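Let's take a walk through this model together, with the viewer open beside the text. We will begin at the DNA and then turn to the way the protein chains meet.

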Number of protein chains: 2
Amino acid sequence: MTVATLDEGPTVPATIRDVARASGVHISTVSRTFSAPHLVNPETRGRVLACAEELGYRPNRAARALITGRTHNIGLIIADIANPFFPPLIKAAESQARQRDYHVFVADTNEDPIAEEELVHALAKQVDGVLLCSPRMSNSLIEQLSREVPLVVINRQVAGLPCVTMDVGQGARSAIEHLLGLGHRKIALLSGPRGSWTSREIRRAAGAAARAGGAELTVLGPNHPTGTGGGAVAEQVRRGDVTAVLAYNDLMAIGLIEGLDALGLRVPQDVSVVGIDDIALSRLTRPKLTTVATPTAAAGRTAVDMLLQHDTVAARGSRGGRGGTVDDRRTTAQVMLQTDLVIRDSTAPASAAAGRTRPGGAEDAPGPHRLAGPGRPTVTTGGVVAS
Amino acid sequence: MTVATLDEGPTVPATIRDVARASGVHISTVSRTFSAPHLVNPETRGRVLACAEELGYRPNRAARALITGRTHNIGLIIADIANPFFPPLIKAAESQARQRDYHVFVADTNEDPIAEEELVHALAKQVDGVLLCSPRMSNSLIEQLSREVPLVVINRQVAGLPCVTMDVGQGARSAIEHLLGLGHRKIALLSGPRGSWTSREIRRAAGAAARAGGAELTVLGPNHPTGTGGGAVAEQVRRGDVTAVLAYNDLMAIGLIEGLDALGLRVPQDVSVVGIDDIALSRLTRPKLTTVATPTAAAGRTAVDMLLQHDTVAARGSRGGRGGTVDDRRTTAQVMLQTDLVIRDSTAPASAAAGRTRPGGAEDAPGPHRLAGPGRPTVTTGGVVAS
DNA sequence: CCAGTTACTGCAAAGGTTTGCAGGCAAGTA
DNA sequence: TACTTGCCTGCAAACCTTTGCAGTAACTGG
């Protein structure tokens, strides 16, 4: 029977043993060819590599993980992938990880704290660490989970654990001050989901800023942090008789603008709206959204760095950690990244009831103006915690 | 020294051996307690479970994978997580997988064919199968990779492999016919990225439909399938002197609208624009986008089903496949899901140069009108391929 | 020529789990 | 009583790789 010659393709995966047999060396030599090339004779190495190539051999990471205790994977747990806030963070984490020969496994919890816990457990044994992003579960549960697998928390501060947060407090303050500067005195805050650290921070800072400026701040929520969640409170906003709104995130802000439009209220002429996050979308809507830019990509990168640095020190399990005794005292850092207010077209002076179509006058709208510089200076708080 | 009593938390993970020792049985009994409970005495089982709970034991999936050949993970390779087209697909795949006790590992390729191949290799040994979504690499490479790990292709048809696609051809045809019906005779097509099967299908169907209707179709591209990619061709669209545009996806359509706006052209008064995908965003922009709805969630679910069904039959490696001999002849199915045109506000009659602010007359805009029903009937093509 | 290096390579244990096989025991049958 | 049957459990091999240790050979310097 005539069989195609070229693409046979090994239907059963080749193991290290097959390569050893083919190249006439011991399996340990094959192993070293891949994991410690400098220990094997260049000539032998060449032969082994050739055979491996020929057989289509690829090291079995699961078996490797079993003995080294390191999987070279990291888990990334996300509340909602469909929220455009997250993808830049995911991509940044992924590319940072890939640079260090790590893979990222992303999992979505649908904003469900139960799913969160379950996923940490499920991932624990197949990753070297987990990035817990915007967790909705309790601090004590997070601490408990952190004993099962190295954790880095994003968008929340948990004592004793490495965390990277964004200074949304500062962002909310800037936003409120911006609104105050435009003459607004009755402002609403659309808060985020229950259990969100970020939402609490925003609420605290916005409240303080409003009080300091002599304005009245009405808190509406908690809300589902999506477009429909924002649209759902449009009616409340109208009844509340406020002239400006700060939303927990851009998605809600955009949903709100849509909802207000349906009620016949126009933004920014009738109501000013400020979002948080500066997702790509906020530049595409009309009016373009005034918002607080959060350095999501930087957060993703930083979190990976923190996890890997911390993780390189102490390999888990078996004989992996041969680099001397690992001391119990782990240094954990908490990083907070700066945020910037980006002023666009969804905010206007409180008295702007006149029929202007856009703030800023003529056809050519003014470019966005950043209050703080785009360079990303970070505030770092170091700390040492005995476990 | 006084130590807190409650939350000690085992710092070193308990193994099956620890549980065996604690409950006075052999490790195989512990193993069976988890993987084949009906084989162990209820009383013993209770004791084992109690000890396991106490010790915080969790089965090591890597070790299990090593021997069973099944990881209970599936990989999902995505061109660009930031493209809002994908998240619904990801979420659907994830929830479908979770129902069957599988986890999904998502990886992003940044539209890079090299990264695609690399990722398949990297994932091969740690997942039971890979969902390859909108691949940019060649068919022959895909076939080759499918010998290394079970593959299901999404948004592309590859002979001999299980595929799930959406009928974008039909969608493009409907879109063109809709535009023809509105009197447009000079239409532009913004094509997608090089290597995209979807883009080719759209082009072919749109071309045929335009020809049949006696219209002129100008193809612009290939383009980067993002908002900026769409904005970048606004100038070309103006010069092309067309009255309507069909874009490869919603993101490009929205970017284009933005770009046209900057050039002083208004949608739909001056130019009609149709997108494809019906991402959530397309309902939030102004004008709301006329677009072709693609059943992305259904695609995710279906792909997982196909992979798992196909995968349950033949476990890879070692002694996993003890259910008789697996025949070489694998049945592969190709599923194509139906698409619907959703008419919103970004399309208007070709002669609508008069100063209407919105099509459809009065303030209350007409609700979207679906040409095809919302039930998702699917066209299934079965096939048997000898390998 | 010998002792001491250096550069490779092989040996075998280990990692945590699954599973075919066989043994033990009690109940049921003849 | 002897034999069968069925339920439960233990034994040990196997999965694929890494790595400390030991052994070999060639080479260096004295």
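How many residues surround DNA strand C, and which are the closest? There are 33 of them, and the closest are Thr29(A), Thr44(A), Ile16(B), Ser31(B) and Arg64(B). Please keep in mind as you look around that this is a predicted model.

Let's stay with strand C for a moment. Of its atoms that come within 4 Å of the protein, sugar and phosphate account for 59%. You can find examples of backbone contacts on chain B: a backbone N or O atom of Ile16(B) lies 2.5 Å from a phosphate oxygen of DNA strand C, and a polar side-chain atom of Arg64(B) lies 2.6 Å from a phosphate oxygen of that strand. A base is reached as well, since Arg32(A) has a side-chain N or O atom 2.9 Å from a base nitrogen of DNA strand C. As for the elements involved, H2, helix H3 (42-55) and H4 of chain A, together with helix H1 (16-23), H2 and H4 of chain B, each give two or more residues to the surface near strand C. H4(B) gives the most, with 5 residues. Sorted by class, this surface has 14 nonpolar, 11 polar and 8 charged residues.

Now move across to DNA strand D. Here 28 residues surround the strand, and the closest are Ile16(A), Ser31(A), Arg64(A), Thr29(B) and Thr44(B). Sugar and phosphate make up 60% of the atoms of strand D that come within 4 Å of the protein. Three phosphate contacts are good places to zoom in. The side chain of Arg64(A) has an N or O atom 2.6 Å from a phosphate oxygen of DNA strand D. On chain B, a polar side-chain atom of Thr44(B) lies 2.4 Å from a phosphate oxygen of strand D, while Asn41(B) uses a backbone N or O atom, 2.9 Å from a phosphate oxygen. At least two residues of the surface near strand D come from each of helix H1 (16-23), helix H2 (27-35) and helix H4 (61-68) of chain A, and from each of helix H2 (27-35) and H4 of chain B. That surface divides into 11 nonpolar, 11 polar and 6 charged residues.

How are the two protein chains arranged relative to each other? A turn of 180° with a shift of 0.0 Å along the axis lays chain B on chain A with an RMSD of 0.1 Å. The two copies are therefore related as by a two-fold rotation axis. The same surface serves both copies, as 100% of the contact residues of chain B recur in chain A. To locate the axis, look for Phe105(B), whose C-alpha, at 2.2 Å, comes closest to it among the residues of chain B.

Finally, let's look at the interface itself. It brings 48 residues of chain B into contact with 48 residues of chain A, and the area buried between the chains is about 4,500 Å², with carbon and sulfur atoms giving 54% of that. In chain B, Lys125(B), Arg147(B) and Arg286(B) lose the most area to chain A, together 16% of what that side buries. Across the interface there are 12 salt bridges, one of which joins Glu148(A) to Arg58(B), with the closest N and O atoms 3.6 Å apart. The side of chain B that touches chain A divides into 22 nonpolar, 7 polar and 19 charged residues.

Key
Residues are numbered from 1 along each chain as its sequence is written. Chains are lettered from A and ligands numbered from 1 in the order in which they are written. This is a predicted model: local features need pLDDT of at least 70, side-chain atom pairs count only at pLDDT 80 or more; totals for chains, interfaces and linings use all residues. Side-chain values use heavy atoms; hydrogens and water are left out. Contact means heavy atoms within 4.5 Å. Buried area is the accessible area (1.4 Å probe) that two parts lose on being put together, summed over both. A salt bridge is a side-chain nitrogen of Lys or Arg within 4 Å of a carboxyl oxygen of Asp or Glu. Ala, Val, Leu, Ile, Met, Phe, Trp, Tyr, Cys and Pro count as nonpolar, Asp, Glu, Lys and Arg as charged, and the others, Gly among them, as polar. A residue is near a molecule or strand if one of its heavy atoms lies within 4 Å of it. A polar contact is a pair of N or O atoms within 3.5 Å; within protein, one must be able to donate a hydrogen and the other to accept it, and residues adjacent in sequence count only if both atoms are side-chain atoms. Helices (H or I, at least four residues) and strands (E, at least two) are DSSP runs, numbered from the N terminus. Copies are superposed by least squares on the C-alpha atoms of residues with pLDDT of at least 70 in both.
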